[in-house]
Amino acid sequence: MTKNWIDELRTIVGPRNVITGSESLAWESDGLSLVRGMGQAIVLPLDTEETVRVMKLLAREGVPVVPRGAGTGLTGGATPVGGGVTVGTARMREIFTIDPVGRLAHVQAGVVNSDLSVAARPHGLFYAPDPSSQAACTLGGNVANNSGGPHCFMHGSTTRHVRGVKLVDAEGQVLDLLASPADPEGLDLVGLITGSEGMFGIVTEVKLNLEPLPEEVQTIIAVFPSLDAACDCVSEAIAAHIEASAIEILDKLTIAAVEDSIFAAGYPREAEALLLVEAEGGALEVQETIDLVLQLARKHGAMEIRSAQDKAERARLWAGRKGAFGAMGRVAPDLYVADVVAPRTRLREIVALAIEIAEERNLRLGNVFHAGDGNLHPNIAYDRRDEDEVRRVLEAGQLIMEACIERGGSLTGEHGVGVEKMTHMCDLFDDDDLNTMHRVRDALDPKRRMNPTKVLPLRACREVRNGGLPFSPMGNLEAKT
Amino acid sequence: MSTAIRSLPLDYDLTLDCIHCGLCLNSCPTYRQSGRESEGPRGRIHLMRALAEGRLEADQDCVEALDSCLVCRNCETVCPAGVQFGALMESARDHLPAPGLLARGLRWFGFRLVLPHRRVLGFLAGAVRLTQLLRLPQVIAPLLGQRGIALAHLPVFPEANKRRSLPPVCPSTSERTEAVGMLEGCVQRQLYGDVNRATVAVLNACGADVHTPQDHACCGALHAHNGDLDEARRLAQKTIQAFEDLDGEPDMQIVLNSAGCGAHMAEYPRLFAEDPLWLPRADAFAQRVIDFSAFVAQDQRAERLKKQLAPLAPRKVAWDDPCHLCHGQGITAEPRALLDLIPGIERVEMPSSGSCCGSAGIHALLYPAESNQLLDAKLEEFTRSEADVLITANPGCQMQWHGGFSRTGKAARPQHLAEILAASLAQGPQVVSKTKPPTKG
């Protein structure tokens, strides 16, 4: 019985693009390697039309659908924990148009983030949101997760740059919102879809804003004797209404990992904390911003301040920052990348707390984060083969999340909720909030087949029947691995 | 039941370096081509780890996912965790069955019976030349589909005179400053003897005497890349021995003009990680291995060479980085710098010069359709760059580009870096009396 519809999928997208063999294991997790799941197949349609036919077939069969871009997400959002079919956009790599006058790009969902900026550069434009995984992650995935990145401090996260989408919903209907004007008439459905983590359908095409390349860019690093001092410096800079484009902090463990890697950026290893600040815009305002940073950095005890001398050095400083997560592979086989938001006035307190929580549990913690946004990434290096260490990692992750929520922060800055933080939605939202979210979901996907067992905590027969997980997926998976 | 992988501690530890971040994905030509994560570096490592952990059986699907890898090592250049992907893939393949008849045949016939033996190689090259002169490949090509097309557009093996060995010593033509060893190679010597002679001419002009082992055939790179580590070890030992026995200076550098061989030979110690007898010899040997471009660009050599280079007829040249030069050895600046020394020519860049052309050892033979697709994208870039000549530094890449130009009816020809340097040298005052330079240069 099941064979039949899988064969039908093969006739739609071609036999090579339906994967059911042993190699399916390669899709069993995304960037959160702790969470794994196997569905019935992986399907890689080429365009909207094939996606429509695939989705209609899967609707007919009542199969759950897991949308997936490059699988670089960090919350298990693209992992088929609830079974079903993974529908990937990895073959949808076409950039349809770049409109240099209207500063718009129309692309397929599987186009890689940095490939768009490369294509836009000859027109003097770039795509602003720059998640650290931008060399690999897809724009469709960015839309699904409303992804951020260092420069979102100035430019805002993905939602500020999405002008239109084409969505194929659970039933295979196309919702074409590509023609949306900048200020949408009627309901802002594009805004609704951005950040919906694949629960409303699969985005197959996106229209995005492009920004003019800045006239002037300056990047500096400041070395601090302690993480506290660096955090205080940032808090004060925020209070002083600083207009930088990115404000990042890296701690000692992270610096060492980066400096050992091929992305070695010349970060001083002796630094307890490194502040990386960039300013862009007109020459005058850039200078003003940098002057302010220099003044505050000195005030907070910076030992050394260095400015990137040229484009190449600037590129190196950023390549190091963006490779930081991967570079932690040198510390241990696995990495848990937490993603929480702290009120920016309480950076120091939360960072110190995260360190304390990790130390108490004998865990190796590296901090690298978007300080300007208060978006923390306590990175815990571990080995998933060590059951007790896994337990301690999850516990630490939960405590850090809870501490942020208690202090008025949030449970995700840019990675989304996915599987990882689903249960914590209850800490942040009450029943009425969650019910409203469910009603929106039901309006778009009444059978709740899209990306089940993610984001919104609930118990539903379908999720249970499909091998999905009861209330706490992270807790349960811990036992499985 | 299919064969399960023999778990080897070394492989397994190397898989643990990967933390699944996925930054490698977009660098991988096969992933970009198919969109299949099982054909991207992260996915392949994940499969290898699962094999080693016994979570996965090495069935046909899994073996194909691993076998379709180009081992171009582009992923190593972008991996923040420093995963040694090439090493990992070599040892994985060594434990896995070859996925098809052709691959199995190549391993046993080509790798064991032909490549290691000079005389067999020579005989076969002559035989292939004969069939090429009779245009047999063109006759049978239609029967072989994509593979036939590749066969029909192979470069013609040159006449026996051009396949002859280099003399044991080629003395410096400039003020002598040093001696070096040089590897003629297996395919290189048979198909691209001119490249070897050009390499010697450039090295001689830099002041180096060039010593060449006379009875040596193959370094074993293809064996290592394709799952025959035992034979690779045997050939590595022969190679090390051959260069230890060479006259000249005891610790002289060994210059390689084939990127694939160079990258492999610099990593010989890995083959002998558990062999206390051979490890120190392999270590000492690897220290001496250096790529041709890196060697010439170093110290005073480039200066000295520059003085002897004469203008070539104006033309645009595009440098295509061989994967095992740019990703395997991290060499990208030197060949460009050397090209920039040649008066009269203009060097242009292709955006994807660091991405595999699809040759990848025997990949072009095993996966002709995919291989041609990779090359087609690069051919397009070459056309857009408006270059007249494609310069590279590896026999496989040179063959692949030759096939591509021939298949698409382009007039352009691929050349080795040493060939264009030697051509510019030949225009110079020193050799002008001996060989009349052709007007086109």
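**A walk from the chain B sheet to three loop residues in chain A**

Helix α24 of chain B, residues 395-407, lies across β8 and β9 of chain B and runs at about 165° to β9(B). Keep in mind that this is a predicted model. A second helix, α21 (residues 333-341) of chain B, lies across β6, β7 and β8 (389-392), and its angle to β6(B) is about 170°.

So what do these helices lie across? The strands belong to an open sheet of four, ordered β7-β6-β8-β9 in chain B, with parallel pairing. The edges are taken by β7 (345-348) and β9 (413-416) of chain B; each has a single partner strand, so one side of each is left without a neighbour in the sheet. From one strand to the next, the twist averages 35°. In general, the strands of a sheet pair through backbone hydrogen bonds, in either the parallel or the antiparallel sense. Here, β6 (residues 315-319) of chain B pairs with β7(B) in the parallel sense, over four bridges. If you want a spot to click on, take Lys316(B): its bridge partner in β7(B) is Glu346(B).

Now hop over to chain A, where a couple of backbone angles deserve a look. Most residues other than glycine have a negative phi. Arg103(A) isn't a glycine, yet it has a positive phi of about 55°. You'll find Arg103(A) in the loop between β5 (95-99) and β6 (104-108) of chain A. Is Arg103(A) buried or exposed? Partly exposed, because 17 other C-beta atoms lie within 10 Å of Arg103(A), and being buried takes 20 or more.

Asn451(A) also has a positive phi, about 40°, again without being a glycine. Asn451(A) sits in the loop between α15 (431-444) and α16 (461-465) of chain A. Asn451(A) counts as buried because it has 32 other C-beta atoms within 10 Å.

One more loop to visit: the one between α5 (152-155) and β8 (162-168) of chain A, which holds Ser157(A). Ser157(A) is buried too, because it has 24 C-beta neighbours inside 10 Å. Which residues does Ser157(A) contact, leaving aside its neighbours within four places in sequence? They are Pro129(A), Asn146(A), Ser147(A), Gly148(A), Cys152(A) and Glu414(A). For a sense of distance, try Leu456(A): Ser157(A) and Leu456(A) are 299 residues apart in sequence, and 22 Å apart in space from C-alpha to C-alpha.

Methods
Residues are numbered from 1 along each chain as its sequence is written. Chains are lettered from A and ligands numbered from 1 in the order in which they are written. This is a predicted model: local features need pLDDT of at least 70, side-chain atom pairs count only at pLDDT 80 or more; totals for chains, interfaces and linings use all residues. Helices (H or I, at least four residues) and strands (E, at least two) are DSSP runs, numbered from the N terminus. A residue is buried if 20 or more other C-beta atoms lie within 10 Å of its own, exposed if 12 or fewer, and partly exposed in between; C-beta atoms are placed from the backbone. Two residues are in contact if their C-beta atoms, placed from the backbone, lie within 7 Å. Two strands pair if DSSP finds at least two bridges between them. Axes are lines fitted to C-alpha atoms, for helices over the stretch in contact, and angles run from 0 to 180 degrees between N-to-C directions.
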